[in-house]
Amino acid sequence: QVQLVESGGGLVQVGGSLRLSCAASGTIFSTDVMAWYRQPPGKARELVTSITYGGKTWYESSVNGRFTISRDNAKNTMYLHMNNLRPEDTAVYFCNLGRQFYDATSNFWGQGTQVTVSS
C-alpha cells in the first residue's frame, strides 16, 4: 500500500506562486507514475501534470509554461511549482500515484489540498 500526503496549498493573489508537496510512504516502484490532479468547484477532477520515475513529464495545455512538476525519488516526494496563478487554477489539488501491473492499474490518492487564487 502507498500513502500520499499533500501540503502547501493556500490563498494567493492572481499572478502569485505556490509550491505543493506530496510525500509518499510505502513501497514505490520505478514503474510508478506520479501525478497532480485538481478538482475545481462544481467540476470533475482533471489531470494537470504527471511525471515518471525517470523524470519524463506531461502537462495539460493550460498550465504548460506556468507549472513545473518534479520528483525526488530519494525522498519519495513530488512537488508542483505553480507560477503566474490564475483564478481558474482555484481547485482542490490531489496527489496521485498510478501503478500498472499487467493490464490492471491501481491508483493511490492523497487527501487533497485547497488552492485558492483571488483576483
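1. Two strands pair if DSSP finds at least two bridges between them. Strands themselves are DSSP runs (E, at least two residues), numbered from the N terminus. Strand 7 and strand 8 (residues 77–82) are such a pair: six bridges join them, and they run antiparallel. One of the partnerships places Phe-67 with Met-82 in strand 8.

2. A note on the source. This is a predicted model, in which local features need pLDDT of at least 70 and side-chain atom pairs count only at pLDDT 80 or more, while totals for chains, interfaces and linings use all residues. Residues are numbered from 1 along each chain as its sequence is written, and side-chain values use heavy atoms, with hydrogens and water left out.

3. Strands 7 and 8 belong to an open sheet of four strands, in the order 1-3-8-7, with antiparallel pairing. Strand 1 (2–7) and strand 7 (67–72) stand at the edges; each has a single partner strand, so one side of each has no neighbour in the sheet. Neighbouring strands of this sheet are turned by 15 degrees against each other on average, direction ignored. The angle is taken between axes, which are lines fitted to C-alpha atoms, and angles run from 0 to 180 degrees between N-to-C directions.

4. Strand 9 (91–101) pairs with several other strands. Seven bridges join strand 4 (residues 33–39) to strand 9, and the two run antiparallel. Strand 10 (residues 104–109) is joined to strand 9 by six bridges, again antiparallel. Between strand 9 and strand 11 (residues 113–118) there are three bridges, also antiparallel.

5. Single residues show how these pairings are set. Val-92 in strand 9 stands opposite Gln-39, and Val-92 also has Gln-114 in strand 11 as a bridge partner. Gly-98 is partnered with Asn-107 in strand 10. Strands 9 and 10 form a hairpin with two residues between them, and Tyr-102 in the turn has a positive phi of about 55 degrees.

6. How much of strand 9 is covered? Eight of its 11 residues are buried, so the strand is mostly covered. Buried means under 20% relative accessible area, exposed means over 50%, and partly exposed lies in between (1.4 Å probe, protein chains only).

7. Arg-99 is found in strand 9 and counts as buried because its relative accessibility is 14%. The side chain of Arg-99 has a polar contact of 2.7 Å with the side chain of Asp-32. A polar contact is a pair of N or O atoms within 3.5 Å; within protein, one must be able to donate a hydrogen and the other to accept it, and residues adjacent in sequence count only if both atoms are side-chain atoms. A polar atom of the Arg-99 side chain also lies 2.7 Å from the backbone oxygen of Thr-27. Beyond neighbours within four places in sequence, Arg-99 is in contact (heavy atoms within 4.5 Å) with residues including Val-2, Phe-29 and Phe-108.

8. Asp-89 lies in the loop between strand 8 and strand 9. Is Asp-89 buried or exposed? Asp-89 counts as buried, because its relative accessibility is 1%. Its side chain makes a polar contact of 3.0 Å with the side chain of Arg-38, and a polar atom of that Asp-89 side chain lies 2.8 Å from the backbone nitrogen of Arg-86. Leaving aside neighbours within four places in sequence, the contacts of Asp-89 include Arg-66, Phe-67 and Val-115.
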